Amino acid sequence: MKKANVMIDHDFEIGETDPRLFGAFIEHLGRCVYGGIFEPGHATADKDGFRTDVLELVKELAPTIMRYPGGNFVSGYNWEDGVGPVEDRPARLDLAWFTTEPNTFGTNEFIDWCRKADIEPMLAVNLGTRDGDAARNLVEYCNHPSGTALSDLRIKHGWKEPHNIKFWCLGNEVDGHWQMEHKTATEYGRIAHEAAKMMNWVDPTIELAACGSSGRNMPTYGRWEDEVLEHTFDDVGYISLHTYFNNYAEDTEAFLASPDIMDQFIEEVVAIADSVAARRRSNKRIMLSFDEWNVWYRTRRKRADRVKEGWPVAPAILEEIYNMEDALVFGGACISLLNHADRVKAACLAQLVNVIAPIMTETGGPAWRQTIFWPFAQMSRYGRGTVLKAKVQSETYATRYYDPRGAQDLYFAVPEVPYLKVSAVADHEGGLTLFLLNRDLKDGVEVTIDARNFGALKVQEAEELHDNDLKAINTKSDPLRVKPRPINDISVSGGKITVSLKAASWNVIKLAG
Ligand code: AHR
């Protein structure tokens, strides 16, 4: 058993977690909407066609904000196709995923679903095939009370009260060649500025996020953020970041280190945003919206393969099955987000149901939790409060992480990473939650935590996620094979906690003050 020390001082604060840090994402993609959250005719469907078995799991997962309707899908989406009488809505080819979009679910249904789930909606506008005009019209349709053609249209469609959607994304991954109407930073910066200007004029209470790079591995990364913010600095409150972790190289140590690249990514984007502010001598601080993050690599598909399938409706694509090691990497990413609570003010797990998701369903059948469900639910439940700087003394290791982009093979050197990755969140009742990832694949670790200025603490809950088989998964027939179990080897004396963590384990310890 190795040893590690963690020191936490109540006065050394990183920042308060914004409730929007615990968001997720629903795209018109595969079976995320159709057969996921929406399945009229399912045994558990309510009068609106929403699966209540899925709604219950969503409530347990506890996402706070939900991004919609894409993703790549949004860059070809006409929002008008998804409102009004369902029988009049057109079916369309979706060029993002090479499927047919029936449009029987749209913006108003999404808002109804969010209200039922008690989740704030986050809407993305199409800045691919469309521009500021469609975007400002959507804001008017959704948020203007009444008395104009578009707001009255919403009322005629059955939604008398405005939706009051606050958080809006200005397009999606416009830096990527796979995007419909992919743009250069100059082209996107201009259109995003003009769209934002009009959207803000329609409703000055909204908050906007400009598109950052669709990954740190993009060739334009860095220059993209700089130029986009040069155009949009005065219009937006946020810049977006996207990351998908992979284990293509079948190198689990490197895979487990990859969340530390997320730390670097965040810190680099903060530096770029602040340098744009510095050039303007501005005190404004652009916040980060990490609005797509997850593990995703097994079910990535080449466009050529998708085309062969002949435009299906809601096919079972991107249905990544998550195993134990994915849950560990996912937990590491939760820690990275929490530890940047001062600047990452929104984040969305991509996605919610079936499509690279924590919740799986069978169309016409049951719903169950994937391995990654657990760290997210714990982070959302216990991550509310003030994140503290944890000083971690642990053995470290060096590795190289493989992160290909298209035909390019990219390897990233990861700085020496500690085997133990930690986040500490103080609640407002004198309590403290510790999130601890032991990345050591062979050895357990005995951790001594000195929680200074906390007084006497007592364990309220202590759970570990661990399986001797790193490839273990949850399935329809064995839905709880991987689940949190109590940690037994833990003791607390005053503000000192000693706990033994298993090799390759994710651990959450909730202490009451
Ligand atoms: O989440 C799946 C896809 O990943 C999204 O549509 C896109 O934005 C990203 O490339």
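Colleague: Let's start at the sheet. Which residue in β21 stands opposite Glu463?

Modeller: Happy to! Strands here are DSSP runs (E, at least two residues), numbered from the N terminus. β20 and β21 run antiparallel and are joined by two bridges. In β21, the residue opposite Glu463 is Pro486.

Colleague: Before we go on, what kind of model is this, and what pLDDT do side-chain atom pairs need?

Modeller: Residues are numbered from 1 along each chain as its sequence is written, and side-chain values use heavy atoms, with hydrogens and water left out. This is a predicted model in which totals for chains, interfaces and linings use all residues, local features need pLDDT of at least 70, and side-chain atom pairs count only at pLDDT 80 or more.

Colleague: Good to know. And which residue in β24 is the bridge partner of Glu461?

Modeller: Strand β20 covers residues 458-465 and runs antiparallel to β24, with seven bridges joining them. In this pairing, Glu463 stands opposite Val508. For Glu461, the partner in β24 is Lys510.

Colleague: Which strands stand at the edges of that sheet?

Modeller: Two strands pair if DSSP finds at least two bridges between them. The sheet is open and mixed, with 10 strands in the order β21-β20-β24-β18-β17-β14-β1-β19-β23-β22. Each edge strand has a single partner, so one side of it is left without a neighbour in the sheet; these strands are β21 (485-486) and β22 (490-493).

Colleague: Zooming out, how far apart are the centres of domain 1 and domain 2?

Modeller: The bounds come from an automatic or database domain assignment. That assignment gives domain 1 as 2-10 + 388-512 and domain 2 as 18-339. Taken over C-alpha atoms, the separation of their centres is 30 Å.

Colleague: What area do domain 1 and domain 2 bury between them?

Modeller: Contact (heavy atoms within 4.5 Å) links 36 residues of domain 1 with 38 residues of domain 2. Buried area is the accessible area, with a 1.4 Å probe, that two parts lose on being put together, summed over both. Of the area buried between domain 1 and domain 2, 63% is on carbon and sulfur atoms, and the total is about 3000 Å².

Colleague: Which three residues supply 23% of the area that domain 1 buries against domain 2?

Modeller: No other three residues supply more of that area. The names to look for are Tyr401, Arg405 and Lys421.

Colleague: Lys421 also forms a salt bridge; which residue is its partner?

Modeller: A salt bridge is a side-chain nitrogen of Lys or Arg within 4 Å of a carboxyl oxygen of Asp or Glu. Across the interface of domain 1 and domain 2, the rule finds four. In the Lys421 bridge, the closest N and O atoms are 2.6 Å apart, and the partner is Asp263.

Colleague: And how far apart in sequence are the parts that Lys116 and Asp46 tie together?

Modeller: The structure holds 40 salt bridges, and one of them joins Lys116 and Asp46 at 2.7 Å, N to O. Helices are DSSP runs too (H or I, at least four residues). Lys116 lies in helix α2 (residues 107-117) and Asp46 in the loop between β2 (23-25) and α1 (52-61), so the pair ties together parts whose separation in sequence is 70 residues.
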